[in-house]
Amino acid sequence: MDETEFWELVDATREAAEGDPDEQADLLVDRLLQMEPDLVLDFARHFEARYNRAYRWDLWGAAWVLLDGASDDAFDFFRCWLIGQGREVYEGALHDPDALADLLDDFDEEIDGDGEELGYAADEAYEQLTGTVAPDLGIAPALSEPEGTPVDFENERVLAERYPRLWDRFKEYVKE
């Protein structure tokens, strides 16, 4: 599976799920179950590489604004959700996290921003196909700390200045 096929699968399942990340994960498992186990592992490698690539302070700050706070786990699930949004949104967010304000059509706080189940889809499909846990993917492990310069998540002025478009769209006020 190459990068284009990876993104086509992500896009097809997102569109079929009408943007619901849990439904997208279910559809993704169904689609992966129609493939050979080696292709499922290829998908997992693509997913994991993008997940690791998004482990950045600037992106965590954007998630913090979007989600009104983002713990370690919430940021992990956000990165899965971001991949699930497709190549354009994912790459756009990595290029400029504040651009998420323009890249996201709608954002429903009840379902958006949390793609935890997407992160397990390839593992689940592989296990169903083979009866065994997926082997090590052979890619570089994630960094122990996010890449880049830390962001002061507790300082709303800093967040408003660093992410002006996101702040304008998703926040109603700045506390003094």
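**View 1. The largest nonpolar core and its best-connected members.** In this predicted model, the largest nonpolar core is built from 55 residues. Phe43, Phe78, Leu82, Leu100 and Leu166 are the ones that touch the most other members. Helix H4, covering residues 57-67, supplies the largest share of this core, with eight residues. For a taste of what one core residue meets, take Phe43: setting aside neighbours within four places in sequence, Phe43 is in contact with Met1, Phe6, Leu9, Val10, Leu28, Leu32 and Ala122.

**View 2. Helix H6 and what its buried residues pack against.** Helix H6 runs through residues 87-95, and its buried residues are Val89, Tyr90, Gly92, Ala93 and Leu94. Which helices do the buried residues of H6 pack against? They pack against H1 (3-16), H3, H4, H5 (72-84) and H7.

**View 3. A salt bridge inside helix H3.** Have a look at Asp42 and Arg45, whose side chains meet in a salt bridge with N to O at 3.0 Å. Both residues sit in helix H3 (residues 37-53), and they are three residues apart, about one turn of the helix. An α-helix has 3.6 residues a turn, so residues three or four places apart point the same way. How open is each partner to the outside, buried, exposed or partly exposed? Asp42 counts as partly exposed because its relative accessible area is 23%, and Arg45 is partly exposed too, at 28%.

**View 4. Asn52, also in helix H3.** Here we stay with helix H3, this time at Asn52. Asn52 has a relative accessible area of 16%, so this residue counts as buried. Leaving out neighbours within four places in sequence, Asn52 is in contact with Arg79, Ile139, Ala140, Pro141 and Ala142.

**View 5. The buried pair Asp58 and Arg56.** The structure holds eleven salt bridges, and this is one of them: Asp58 with Arg56, the closest N and O atoms being 2.8 Å apart. Are these two partners buried or exposed? Both Asp58 and Arg56 are buried.

**View 6. A salt bridge between distant parts of the chain, Arg165 to Asp102.** The side chains of Arg165 and Asp102 come together in a salt bridge, 2.7 Å from N to O. Arg165 belongs to helix H10 (residues 164-170) and Asp102 to helix H7 (residues 100-103), so to speak two far-off spots, 63 residues apart along the chain. Arg165 is partly exposed, with a relative accessible area of 32%, while Asp102 is exposed, with 52%. The pair also has company: Asp96, Asp98, Asp102 and Arg165 are linked in a network of salt bridges.

**View 7. The largest pocket and its lining.** This pocket has a volume of about 310 Å³. Its lining has 15 residues, and those closest to the centre are Arg14, Gln85, Leu104, Asp105 and Asp106. What kinds of residue make up the lining? By class there are six nonpolar, two polar and seven charged residues.

**View 8. Val133 in the loop between helices H8 and H9.** Val133 is found in the loop that sits between helix H8 (121-130) and helix H9 (156-162). With a relative accessible area of 66%, Val133 is exposed. Setting aside neighbours within four places in sequence, Val133 is in contact with Tyr126 and Glu127. The C-alpha atoms of Val133 and Asp123 are separated by 7.1 Å, and the two residues are ten apart along the chain.

Notes: Residues are numbered from 1 along each chain as its sequence is written. This is a predicted model: local features need pLDDT of at least 70, side-chain atom pairs count only at pLDDT 80 or more; totals for chains, interfaces and linings use all residues. Side-chain values use heavy atoms; hydrogens and water are left out. On a 1 Å grid over the protein atoms alone, a cavity is a set of points where a 1.4 Å probe fits but cannot get out, and a pocket is an open set with protein on both sides within 12 Å along at least five of seven lines; lining residues have an atom within 4 Å of a point. Grid points are joined across faces, edges and corners, and a volume is the space filled by probe spheres set on the points. Ala, Val, Leu, Ile, Met, Phe, Trp, Tyr, Cys and Pro count as nonpolar, Asp, Glu, Lys and Arg as charged, and the others, Gly among them, as polar. A salt bridge is a side-chain nitrogen of Lys or Arg within 4 Å of a carboxyl oxygen of Asp or Glu. Helices (H or I, at least four residues) and strands (E, at least two) are DSSP runs, numbered from the N terminus. Buried means under 20% relative accessible area, exposed over 50%, partly exposed in between (1.4 Å probe, protein chains only). A nonpolar core is a set of buried Ala, Val, Leu, Ile, Met, Phe, Trp, Tyr and Cys residues joined through side-chain atoms within 4.5 Å. Contact means heavy atoms within 4.5 Å.
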